[in-house]
Amino acid sequence: MQSVCVLALCVCVSMLLHSAISQPPTESDTYTECTDGYHWDPQTEHCKDINECETIPDACKGEMKCFNHYGGYLCLPRSASVIPAPEPPITPTEPFNPCPLGYEPQGDSCVDVDECERDEHDCQPSQQCINTLGAFTCQCPEGYRKVGTECIDIDECRYRYCQHRCVNVPGSFSCQCEPGFQLAGNNRSCIDVNECDMGAPCSQKCYNTYGTFLCRCDQGYELGPDGFACNDIDECSYSSYLCQYQCVNEPGKFSCQCPEGYQLLGTRLCQDVNECETGEHQCTETQTCVNIHGRYQCVDTNRCQDPYVQVSENRCVCPVTKPACRDLPFSIVHRYMSITSERTVPSDIFQIQATSVSPGAYNTFRIRSGDENGDFYIRQINNISAMLVLARAVSGPREYTLDLEMVSVNPLLSYQGSYQSSSALRLSIYVGPYTF
């Protein structure tokens, strides 16, 4: 029976359904009989609905309106309307198929029907139809799985296919690596990248590590705040004891320099240059080169002054025949020495030693001249020797000329009294400008 949709404007609608109206008896069809409300249609060879609203006079009473429907009719208010469902299409009767479903007869046998080739399948456009014996299957593209009749994307990232990071995309996925790594040939594993071979921004040394790299600097440099640049270390600013005289900073290192007249001893100490030995002096043939700290001194070969006369190199004698020699030392020997500035005091700097002593003589030593400020004193060691001592720290450059006298008293040489004689050592002391 056909369904009927009713639209009514009134609240209550009385409905009269005459589902089975007796029809006057008719002669039975030769081939079939129809149920009440239908009659046989020989053209279509089907039962056809009877329109009672046309065949029954006054089918509905009063203000009711007659509406026909399959196998009967309805009496509804005139304000109601009925939307009849479309009649189903009449499908022609298919010929009898003696073969199983999915097969068709071919001669005396049944052969498979290729639904995919005949386009008789119901696969989605994104699916691939695959023929099977007696049927077909709908296959999803790679990366999808079938749920019902639909293809759903497979989230491969749920199955940890990637070593580091997995990015799911429709129908597939891609693997990504953390910084410092790159995809291996299988597109899933991650292998370390040697950044040092790929232009890492290290200014000097690069060391590859797992997943990253480290920058290192040569000796004398330090790594900058950015971790890449190497900045020179100013070693001279760290300590004033690196060099004996002057520290000079250089890229990646430092060097020590010495003042004029000195040369490096090793890497940090300064040693006086003996210009008298190296031949770098400019003394004449009548002069003697005397090496002192940081420089040299040219002195006359003959330094004897009247009334003294030279008797040998550096030795002057005052003849007893000259009246002026009576109160003067009998002999003067010239000596030269050099000391450094700011020497620790008291400091022994020169030893006086008598070369000849008369039997029975008593010797004393004193500073005859040249020590007006009291920077030195004599410490007598025994009867024939004494030590010149620096009493106060002195700074150079400075020069002293000291006459160190040895007075000898010998009572055995005179019957009327003690015999006294003296000899002097004229010591030229040069104080260098530095403490080395």
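**Exercise 1. Confidence of the model**

Task: State what average pLDDT the chain has in this predicted model, and where the pLDDT falls below 50.

Solution. Step 1: The structure is a predicted model, and the chain averages a pLDDT of 86. Step 2: A score of at least 70 is reached by 88% of the residues. Step 3: The pLDDT is below 50 over residues 1–31. This stretch nevertheless has 47 contacts in the model beyond near neighbours in sequence. Step 4: Where pLDDT is low, the predicted coordinates should not be read in detail.

**Exercise 2. The annotated domains**

Task: Identify which residues UniProt assigns to the feature "domain: EGF-like", and describe the spans 153–191 and 232–271.

Solution. Step 1: According to the unreviewed UniProt entry, the feature covers residues 112–152, 153–191 and 232–271. Step 2: Residues 153–191 are 0% helix and 41% strand, and their end C-alpha atoms lie 29 Å apart. Step 3: For residues 232–271 the strand content is 45% and the helix content 0%, with 29 Å between the end C-alpha atoms.

**Exercise 3. A hairpin**

Task: Determine in which sense β3 and β4 pair, and over how many bridges.

Solution. Step 1: Strand β3 comprises residues 38–41 and strand β4 residues 46–49. Step 2: Their pairing is antiparallel and runs over four bridges. Step 3: One of the bridge partnerships joins Trp40 to Cys47 in β4. Step 4: The two strands form a hairpin with four residues between them. In the turn, Glu45 has a positive phi of about 60°.

**Exercise 4. Aromatic pairs**

Task: Classify the geometry of the pair Phe181 and Tyr210, and decide whether each residue is buried or exposed.

Solution. Step 1: The whole structure contains 10 aromatic pairs. Step 2: In one of them, Phe181 and Tyr210 lie 4.9 Å apart, centre to centre, with 75° between the planes. Because planes over 60 degrees apart count as edge-to-face, this pair is edge-to-face. Step 3: Phe181 belongs to strand β16 (residues 181–183), whereas Tyr210 lies in the loop between β18 (205–209) and β19 (212–216). The pair thus links distant parts of the chain, 29 residues apart. Step 4: Phe181 has a relative accessibility of 16% and therefore counts as buried. Tyr210, at 64%, counts as exposed.

Task: Apply the reasoning to Phe376 and Tyr400, and state what type of pair they form.

Solution. Step 1: The ring centres of Phe376 and Tyr400 are 4.9 Å apart and the planes stand at 90°, so this pair is edge-to-face. Step 2: Phe376 is in strand β33 (residues 376–380) and Tyr400 in strand β35 (residues 398–410), 24 residues apart. Step 3: Phe376 is buried, with a relative accessible area of 5%. Tyr400 is buried at 6% relative accessibility.

Task: Name which residues are linked by ring pairs into a cluster, and which ring lies under the charged end of Arg188.

Solution. Step 1: The cluster consists of Tyr245, Tyr262, Tyr434 and Phe436. Step 2: The charged end of Arg188 sits over the ring of Tyr161, at 4.7 Å from its centre.

**Exercise 5. Surroundings of two residues**

Task: Decide whether His334 and Asp327 are buried or exposed.

Solution. Step 1: His334 is part of strand β30. Step 2: Its relative accessibility is 4%, so His334 counts as buried. Step 3: Leaving aside neighbours within four places in sequence, His334 contacts Arg303, Asn314, Cys316 and Arg426. Step 4: Asp327 is located in the loop between β29 (315–317) and β30 (331–339). With a relative accessible area of 65%, Asp327 is exposed. Step 5: Asp327 and Ser421 are 94 residues apart along the chain, and their C-alpha atoms are separated by 9.5 Å.

**Exercise 6. Unusual backbone geometry**

Task: Find where cis peptide bonds occur at Pro307 and Pro397, and what phi Arg160 and Glu342 have.

Solution. Step 1: Most residues other than glycine have a negative phi, and most peptide bonds are trans. Step 2: A cis bond joins Asp306 and Pro307, with omega about 15°. Pro307 lies in the loop between β27 (295–300) and β28 (309–312). Step 3: Gly396 and Pro397 are also joined by a cis bond, with omega about 0°. Pro397 lies in the loop between β34 (385–390) and β35. Step 4: Arg160, although not a glycine, has a positive phi of about 55°. Arg160 is exposed at 74% relative accessible area, in the loop between β13 (150–153) and β14 (165–169). Step 5: Glu342 has a positive phi of about 55° and is found in the loop between β30 and β31 (347–353). Its relative accessible area of 47% makes Glu342 partly exposed.

Note on methods: Residues are numbered from 1 along each chain as its sequence is written. This is a predicted model: local features need pLDDT of at least 70, side-chain atom pairs count only at pLDDT 80 or more; totals for chains, interfaces and linings use all residues. Side-chain values use heavy atoms; hydrogens and water are left out. UniProt positions are given in the numbering used here, feature names are shortened, and annotations may be inferred rather than shown by experiment. Buried means under 20% relative accessible area, exposed over 50%, partly exposed in between (1.4 Å probe, protein chains only). Two strands pair if DSSP finds at least two bridges between them. Rings of Phe, Tyr and Trp (its six-membered ring) pair if their centres lie within 6.5 Å; planes under 30 degrees apart count as stacked, over 60 as edge-to-face and the rest as tilted. A charge sits over a ring if NZ of Lys or CZ of Arg is within 6 Å of the ring centre and within 35 degrees of the ring normal. pLDDT is the predictor's confidence in each residue, from 0 to 100. Contact means heavy atoms within 4.5 Å.
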